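Please look over the structure below before reading the notes. They are grouped by topic and deal with domains, interfaces, annotated regions and salt bridges.

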Amino acid sequence: MRSSLSYHSRQRLTAWLMIAPLAVGVLIIVGWPFLDTIWMSFTSAQLTQYTGDWVGLDNYIRAFRSPQVRGALATTIFFVALTVSLELVLGVLVALLLDQPLYGRRFFRALLILPWALPTVVNAMSWRLIYNPDFGGLNAVLTQIGLLDSYQSWLGSPATAIYAIAVADIWKTVPLVAMITLAALQGVPREQLEAAHIDGASPWSRFKTVTMPAIVGPLMVAAVLRTIEGVKVFDIVWVMTRGGPANSTKTMSIQVYQEAFSNFRAGSGASQGLLIVLVSLILINVYVALLRRQGAQ
Amino acid sequence: MKQPLALRVVLHALAILVAVIILAPILWLLLVSVSTTTHLTTLPFEWIPEKLNFDNYAKLTTLEPNSRGEMFLYAMRNTALVAFGATAIALCAAVPAAWSFSRSKGGQSNLLYVVVATYMLPPVALIVPLFAFLNGLGLLNTKTGLMLVDCSIVLPFTTWLLKSNFDNISHEIEEAAFVDGASMLTVLRSVTLPMAKPALATVVLFSILLVWDEFFYAFILTNDDRSQTLTVAIANLASGRVSDYGLLATAGILTALPPLIIGILLQRALVSGLAQGGVKG
Amino acid sequence: MNILRLSAATALVASSLGLGMAGPASAETTINALYMSQASYNEADVRSMTEAFEKANPDVKVNLEFVPYEGLRDKTLLASSSSQGYDVVLFDVIWTAEYAKRGILADDTDNISAEVKDEIFPGAWTTVEYNGHYYGMPWTNSSKLFFYNKEMVEKAGFDHAPQTWSELVEQAQAMKEQGIVEYPIVWSWAQAEAVICDYTVLLDAFDGKFLDKDGAPVFQEDGGLEALKFMVSTLDDGITNPNSTEYLEEDVRRVFSSGQAAFALNWPYMYNLANDPKESDISGKVGVMAPLGVKDRTEASGVNGSMGLGVTANTDNADIAWKYVQHMSSPEMQNSHAERSLPIWKASFENSEVISGREDLMKAASNAFTAMIARPTLPNYQEASNILQVSIQEALLGASSPEDALGSAADQLKSLTDQ
C-alpha cells in the first residue's frame, strides 16, 4: 500500500466518487431549479424579466385568494381521488380475474402491457377521437345499442368532461395496477387459501384475511406513484380539453403553466407550482401513515 | 379447487370483456387511420370500412420537402435521438451510483432516497429556471438541451431499478476480485456488469419508453423540426386546427408503434421485476 | 472620395446584413420567421410567397416555422428573451399593444412611406399600430363572416337570407320544425379565443361596447349583455348545435361543409373550402355576407381578426427581415394569393382579376370591414380573454346566468387593471 490512505478509506472514497456524477447531475437539473423556483415564488419575477423584486408572501396570498387557483386545486384533488381509487379497485379486480385458471390466460395477461406502453399523448388523442361529438366511436356505440338518443358532446360539457378524461387515464393505468397485483399474488400462500376454503370461509373473508395482506404493500406503492402522477397531471388534460369547458378540467399544472407562460408571472406561477408539491407531500404522508397502521395490526 | 362450469363461463366472458376494453381504443385508432373523412362522418356509422385507405400512412412516411410527412419523420428522428441520448447520459451517471448505493452501507442511502424523491416534483415547478438555464447556454430548441432535461425524469427510475437489480446479484465473486486487489471500477466493469446484462437491457428499454412519452418539457423547450418531438407534434396536430382526423390517428399509430414493441419486449422483465418487488413488499 | 465613401457604405451595409466578418462560408443569410398553421393563408401559401422572395434574393434563406394559434404568442414572447429568436413574427391584432410595450417588435414607423400608408385600408393599419407608431405591416385583412346554406334557406321557404339576427332565429326555427336540419346554427364556442371572436361580433351587432372611455368594462350591460343572452337563447331553443361549446373554427367548417348546419360564423378562408367539392358536400350552395345586424341599431357587424407581420427588435438582420416583410405584404403577393386571404390594399378591391369569381366574398368582406370592431385593447389581453372565455362558457353551459357571468368577468377585469 503505497497510498497514505488505507484500503478501506480508499474504497469509501471511490464509493462516493461513483455517486458524484449522479449527485452533481441531479443537483444541476433538479436541485438548483427547485431552489430557484422557491426563491422566485417570493419575488415578482416575470418570464421575460427574470430577476424580480422581493414581495414576501404576496404570491402565496394571491394564490389562495384566486378563484382560479382554488378551482384548479379542487379539480386536481377530485381527479386524483377519482382516478387513483378506481384504478386500485379495478386493477385488483382484473388481477384476481386473470389469476383464475383461464384458457388463454397468458394472452390476456400479455394484453395488459399495451395500455401501459402506449404514449400518454397518443392515448389522450385517441380518446379525443372516441369522444368526438360528430363521428366518435362512443356516440356510435351508444346510439346503435340504444342507450343514447342522439350524439353527445362529452368533452364540451362540464358535467362529463372531467369524467371523460378520467376514463382515459383509468384505461391506461388499470393494467399497470393489475400487473403489480398479479405479481404480488404470486406471494399469496396457496395452502392458507385452501385451508380457509375447507374451513368454509366466504370468498370475501378469504380475500380479506389471506390475499389482502400479501398485496397491500405493492398496492400502496402503486397508490403513491399514481397519486404523484395524478397531482402533476398535464399532458392528458392538455391534449383532450386544454382545461375547458368553463375551466371544468383545469388542473393545477395547467393553472401554473398559464400563470407562468401565458400571463408571464413567473414568480406567482412558482408559488402555485409549489402548492402542487405541497399537495403531493400531504397525500404521501397520509399513505405512509396508513401503511404504518396496516403494518402495526 | 375445481370451479363449477357456470362460474368458468362467467370468468371467461369477463376476461374477454377486459380484452375488448383494452383493445377497443387501439382498434378505433387503427380504424380512423384507414378511413376517409366521408366514411367517418356518414351516419349511422359503419364499423367495417368498405375499402381500406392507406393514403395517410403514405402521407406521413414521405420525406418530400415541407410535407407533413417530413415534419413527422423529423419529429420521429428527434424523439429517437433524444431518447437514446438521455438514456446514455443517465446510464453513465446511474450505473456507478446505483452500484455504490447497493454495495456500501454508509450514508449514501439517504442520497438514494433524495434522488428517488425528485420524481415527486412536478415539471411545472422546475420549468422556468430550466428554461432560463438552457437559454443562457444557447441550448433552447436543441436536442442536447432536451436530453439533459429529460435525464431528470429518467434518473430516479434508472437509479432505483439498477440498485434493486445489483442487490440481487451475488456479492461472492466481487469479494474474490476485491481480495485480489482489484479496484472498485475494475470490479464493476469486468465482474458485475456482465452479470447484470439483462437488467441493463431492461433499464435501457424503460428509459427509452419514459423519454418517448415525455411531453411537457419538449412542449416548452423545443420549437421546430430541429428538435420537436413526436408528442409535441401530435399535440399540435390535435389542437383543433387540423380537421384531418385520419392523418392524426395515423400519426398516433406510428408514434405508438416503437413503445408498444418495447413494451412487449419488456413484458417478462416487468413481470419478474414486479414479482421481486412484490415479495419484498 | 466618392469611391471611398461608397465602399465604406458598402462595408456598413454588408456588415449590418451579417455578411461582413463571417468569411466566405456564410455568404448566405438565414432569417427565421414564425407563422401559424392556419392564418387565412395556409402553409403552402406562405411557402410559395417565401420561395418567391428567396428566388429574388438568392443569398437569403428563410426558415419557416408554423405553430398553432395557441402557441404563437408564447413562442414569440419566450423567444424574445432567448438567444435563438425569430427575425420575423406573425402577430394577432390583440397582441400588438403588448408586443410594442414589451419591446418585442421593432418600430417601423420611419420605414413606411406616406404613399404606402395611403394605399392600404385605414382599418388594416390599426392591426399594427400602437400609440401612433407602426410595428410592422398588416398582412391579413380579416373579420368573421356570416355563411349560409342557400339550398336550406330556400327549402325552408324563404326567398332571401336573414338580414338580422332575429330573422336568423326565425329561419332557423322554421328549418328545425320542418326537419331540414337538426341544429341550424354552428359556432366556435370552445374555451379559446374563438368564442371571444363570435361574442365580439354579436356585441358589435347589438351595438355594445367592451370598455368605456376610461377603460372600465361596460360589456356586462346593454349590448354586451344582450349579445350573450342571445347566444344562450339559441342554445335553449335548440337551434344552435350544442357541440359548439367544444368547437373551434375547423370544426365549424367541417360541420357546415358536411351539410349539418345552415348558418355559420367563420373567417373568410371557409368560403373557398366550403365551395371545394373535395372538401365539402355543399359546394355551390354557399352564401356569404357580412355578419348580421340588429334591427334599428346596426346594419352589419364584424370583428377585427387581422394579423400583422413584424420584424423583431433583437434581430441581427433587420434590413433583410424588413425587406422580407415588405415582400410578404406586397400587392403582388397579396393579389396572387387573394383566394385565401383578402388583400390589405385598396386597389385590390377594384382589380377585376382579384375580384373575379369571388364578388360575393369581396362584397361581404368590405361590408364587414366597415362594421367591424376590435376586441378590447387591455394591457393584459391574454389574461382578460381567459377570464372572459370562462365566464361566457359558464353562461352558455347554464352554470350561471348571463348577468352574473359577465358581472363577475367585469369585476375580475377591473382588479386586473388595478394591479
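In this predicted model, the domain assignment divides chain C into two domains, each made of two stretches of sequence: domain 1 takes 20–141 + 305–344, and domain 2 takes 145–303 + 374–418. The centres of domain 1 and domain 2 of chain C, taken over C-alpha atoms, are 30 Å apart. Where they touch, domain 1 of chain C contributes 14 residues and domain 2 of chain C contributes 11 residues.

**The two domains of chain C**

- Domain 1 and domain 2 of chain C bury about 1100 Å² between them, and carbon and sulfur atoms account for 59% of that area.
- One salt bridge is counted between domain 1 and domain 2 of chain C.
- Arg375(C) and Asp92(C) are joined by a salt bridge between their side chains, at 3.7 Å from N to O. Asp92(C) falls in the 20–141 stretch of domain 1, and Arg375(C) falls in the 374–418 stretch of domain 2.
- The interface of domain 1 and domain 2 of chain C also holds two residue pairs in polar contact, with both residues of each pair at pLDDT 80 or more.
- On the side of domain 1 of chain C that touches domain 2, helix α3 (residues 69–80) of chain C gives the largest share, three residues.
- That same side of domain 1 of chain C consists of five nonpolar, three polar and six charged residues.

**The two domains of chain B**

- Chain B is assigned domain 1 at residues 1–53 and domain 2 at residues 67–280.
- Between the centres of domain 1 and domain 2 of chain B, taken over C-alpha atoms, there are 33 Å.
- The contact involves five residues of domain 1 of chain B and six residues of domain 2 of chain B.
- About 520 Å² is buried between domain 1 and domain 2 of chain B, with 78% of it from carbon and sulfur atoms. Leu29(B), Val32(B) and Ser33(B) provide 61% of the area that domain 1 of chain B buries against domain 2, more than any other three residues.
- Zero salt bridges are counted between domain 1 and domain 2 of chain B. The count of residue pairs in polar contact there, with both at pLDDT 80 or more, is zero as well.
- On the side of domain 1 of chain B that touches domain 2, four residues are nonpolar, one is polar and none is charged.

**The interface of chain A and chain B**

- General background: the accessible area lost when parts come together is often used to give the size of an interface.
- How many residues of chain A are in contact with chain B? The contact takes in 89 residues of chain A and 92 residues of chain B.
- The area buried between chain A and chain B is about 7900 Å², and 80% of it comes from carbon and sulfur atoms. Met18(A), Leu22(A) and Phe135(A) supply 10% of what chain A buries against chain B, more than any other three residues.
- Zero salt bridges are counted between chain A and chain B, while nine residue pairs are in polar contact across their interface, both residues being at pLDDT 80 or more.
- Helix α1 (residues 7–40) of chain A provides 20 residues, the largest share of the side of chain A that touches chain B.
- By class, this side of chain A has 64 nonpolar, 15 polar and 10 charged residues.

**Annotated regions of chain A**

- An unreviewed UniProt entry places the feature "domain: ABC transmembrane type-1" at residues 73–287 of chain A. In the model, residues 73–287 of chain A are 76% helix and 0% strand, with the end C-alpha atoms 19 Å apart.
- UniProt (unreviewed entry) lists "transmembrane region" for residues 12–35, 72–98, 110–130 and 273–291 of chain A.
- Residues 110–130 of chain A are 86% helix and 0% strand, and their end C-alpha atoms lie 24 Å apart.
- Residues 273–291 of chain A are 100% helix and 0% strand, and their end C-alpha atoms are 28 Å apart.

**Salt bridges**

- Over all chains, the whole structure contains 24 salt bridges.
- Asp99(A) pairs with Arg190(A) in a salt bridge, with 3.5 Å between the closest N and O atoms.
- This pair links distant parts of chain A, 91 residues apart. Asp99(A) sits in the loop between α3 (67–98) and α4 (105–111), and Arg190(A) belongs to helix α9 (residues 190–198).

Note on methods
Residues are numbered from 1 along each chain as its sequence is written. Chains are lettered from A and ligands numbered from 1 in the order in which they are written. This is a predicted model: local features need pLDDT of at least 70, side-chain atom pairs count only at pLDDT 80 or more; totals for chains, interfaces and linings use all residues. Side-chain values use heavy atoms; hydrogens and water are left out. Domain bounds come from an automatic or database domain assignment. Contact means heavy atoms within 4.5 Å. Buried area is the accessible area (1.4 Å probe) that two parts lose on being put together, summed over both. A salt bridge is a side-chain nitrogen of Lys or Arg within 4 Å of a carboxyl oxygen of Asp or Glu. A polar contact is a pair of N or O atoms within 3.5 Å; within protein, one must be able to donate a hydrogen and the other to accept it, and residues adjacent in sequence count only if both atoms are side-chain atoms. Ala, Val, Leu, Ile, Met, Phe, Trp, Tyr, Cys and Pro count as nonpolar, Asp, Glu, Lys and Arg as charged, and the others, Gly among them, as polar. UniProt positions are given in the numbering used here, feature names are shortened, and annotations may be inferred rather than shown by experiment. Helices (H or I, at least four residues) and strands (E, at least two) are DSSP runs, numbered from the N terminus.
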